[in-house]
Structure formats: C-alpha cells, structure tokens
Amino acid sequence: MSRRALVTGGAGGIGAAIADALARDGAEVIVLDIDPDRLAAYSAATGRAGVAADVSVHDDVARAVGAVERAHGPIDILVNNAGIIRDAMLHKMDPADWTRVIAVNLGSVFNTARAIVPGMRQRGWGRIISLSSMNAQRGQAGQTNYAAAKAGIIGFTKSLALEVAGKGITVNCIAPGFIETDMTASIPNELRVEEIRRVPVGRAGQPEDIAGMAAFLASDAAAFVTGQVLAVNGGQYL
C-alpha cells in the first residue's frame, strides 16, 4: 500500500535526500519549507507537491498540514528535518538566537506531531522520524542552543514512542555526524578538514547516508524499532 510522507525542510540538503529515498520506496512525498521560492524551484524540478510554512509557528503548521491532507490525503510518515544554526559561545549568544533555534529545531517537532499524530492514532499506523544530532549526545562548544534543542528531540522521541506504541506508530530519531551540506559548507575549511579527520571511516557523511536510515525507519521492516536514537556518524561518536 502506498504511503504518504511529509518532510519538513525538504526542499534541499538532507531533507531533499530523504524525500528522494522515500519516493523511491513508493511513498507520495510532500515537502514543507519556509522559503516559497526554493519550494517552487524544488517542486518544478521534482514534480512533488510542497507547502510553505514556518515550522516554529504552531498555527502555521496546523494550517499547512490541513492543506496537505485536504489536497492529498492523510499523512502516514512524518520526517522532522527542518533546522537552523545560530552558533556562538554562551557568554556572547544573543537571547534571540537561543529562542529562535529552540523554536525551529525543537518546537517544530511538537508542532508537526501535534497536528499529525491524532490521525495516525485513528488509522492505527504511522512513522515519525526526527533529526537529532551527534552534538546532542556529546556536546559542542558554541552550540548550547543547537545541542539543547537536538537533545530535546531525543527526550521527545522516547516519550512519544511510549504514548503511541500500542497504536501501530513508531517514533525514532536519527543522530547524524558530520554531513556535507550547505550548513556545514559555511564552516572554515581548516575546521572542516580537522572534523573529517576525526571520522574513523575516513570521510564526511553524505545526505544519502541519512536518507537510507530514514527510509528504513519509515518501512514495514522497522515496525519493531521505536523510541531509538540511530547514530549515523561514521564511528565519530560511539
């Protein structure tokens, strides 16, 4: 049976790779992104539907999910991928950057799940996959906001997994390591080289490495996997 997936932040980077992987597995994929222009370009290139929304705003997410379900049908697979960075050492961090990162990276996971989980419960099937981070597990100087938000996703995942385990819904998160994306491309080259040097498998990760794990977690083969943090980091953090 064909499933329907919603991928937040799905118009580029890891989100787009996940959308591709789910589509290859037969899912109808709809992407949600805050940038209408990027979304339009993505939809034109892929033929996939998209909806613009700010994932940090509860009512905007509820509106977007309602529009998707009216146009396409119920959402079976939710991938929470949208995220931002606003790095700074804590003593220099602008409070607005703390608030924004928590709202986008963690608040969005509540907003999307709150809109979609009731329908999943009624239908007795669902997959919720959220992107955490290796830095949520080990910490990272200059990322108190980002690491706190991504660590919050882990607690959210485990708690929600317990709530819905009897309803045919699994809830898991992926903790990527150093992945080559537009976000990591902004890191100074000498720091990028040093970070990659620390990866035991000898290379940076690619968006497709994360997409493969997401596709597995969305599949029927992962029906007995829930409440887990799946590390995809090349052995950098064990």
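The 7 strands of an open sheet follow the order β3-β2-β1-β4-β5-β6-β7, and their pairing is parallel. Strands (E, at least two residues) and helices (H or I, at least four residues) are DSSP runs, numbered from the N terminus. Two strands pair if DSSP finds at least two bridges between them. Strands β3 and β7 form the edges, since each pairs on one side only. Direction ignored, neighbouring strands of the sheet are turned by 20° against each other on average. In general, the strands of a sheet pair through backbone hydrogen bonds, either parallel or antiparallel.

This is a predicted model, in which local features need pLDDT of at least 70 and side-chain atom pairs count only at pLDDT 80 or more, while totals for chains, interfaces and linings use all residues. Residues are numbered from 1 along each chain as its sequence is written, and side-chain values use heavy atoms, with hydrogens and water left out.

**Strand β2 and its partners**

Strand β2 covers residues 28–33, and 5 of its 6 residues are buried, so the strand is largely enclosed by the rest of the structure. Buried means under 20% relative accessible area, exposed means over 50%, and partly exposed lies in between (1.4 Å probe, protein chains only). On one side, β2 pairs with strand β1 (residues 4–8) in the parallel sense over 5 bridges. The chain goes from β1 through helix α1 (residues 13–24) to β2, and this β-α-β crossover is right-handed. Right-handed here means that, with the strands pointing away from the viewer, the path from the first strand over the helix to the second runs clockwise.

Strand β2 also pairs with strand β3 (residues 49–52), in the parallel sense over 4 bridges. Together with helix α2 (residues 36–46), β2 and β3 make another β-α-β unit, which is right-handed. Helix α2 lies across β2 and β3 and runs at about 175° to β3. Lying across rests on contact, meaning heavy atoms within 4.5 Å. Axes are lines fitted to C-alpha atoms, for helices over the stretch in contact, and angles run from 0 to 180 degrees between N-to-C directions. Helix α9 lies across β4, β5, β6 (169–176) and β7, running at about 170° to β6.

The table lists residues that stand opposite each other in these strands.

| Residue | Partner and its strand |
|---|---|
| L6 | I30 in β2 |
| T8 | L32 in β2 |
| V31 | G50 in β3 |
| D33 | A52 in β3 |

**The nonpolar cores**

A nonpolar core is a set of buried Ala, Val, Leu, Ile, Met, Phe, Trp, Tyr and Cys residues joined through side-chain atoms within 4.5 Å. The largest such core has 30 residues, and those with the most contacts inside it are I18, L22, V29, I77, V79, I174 and I210. The elements that give two or more residues to this core are β1, α1, β2, α2, β4 (77–80), β5 (126–131), α9 (207–218) and β7 (229–232). Helix α1 gives the most, with 7 residues. Leaving out residues up to four places away in sequence, I18 touches V7, V79, L131, I210, A211 and A214. A second, separate core of 28 residues includes I84, I116, Y146 and V171.

**Three residues in detail**

N80 belongs to strand β4. With a relative accessible area of 4%, N80 is buried. The side chains of N80 and S130 are joined by a polar contact of 3.1 Å. A polar contact is a pair of N or O atoms within 3.5 Å; within protein, one must be able to donate a hydrogen and the other to accept it, and residues adjacent in sequence count only if both atoms are side-chain atoms. Not counting residues up to four places away in sequence, N80 touches several residues, including T8, S108 and T112.

S108 sits in helix α4 (residues 95–123) and counts as buried, at 4% relative accessibility. The S108 side chain reaches the backbone oxygen of V104 at 2.5 Å. Beyond four places in sequence, S108 touches V55, N80 and A103.

F110 is also in helix α4, but F110 counts as partly exposed, at 42% relative accessibility. With residues up to four places away in sequence not counted, F110 touches H58 and F156. F110 and L162 are 52 residues apart in sequence and, from C-alpha to C-alpha, 15 Å apart in space.
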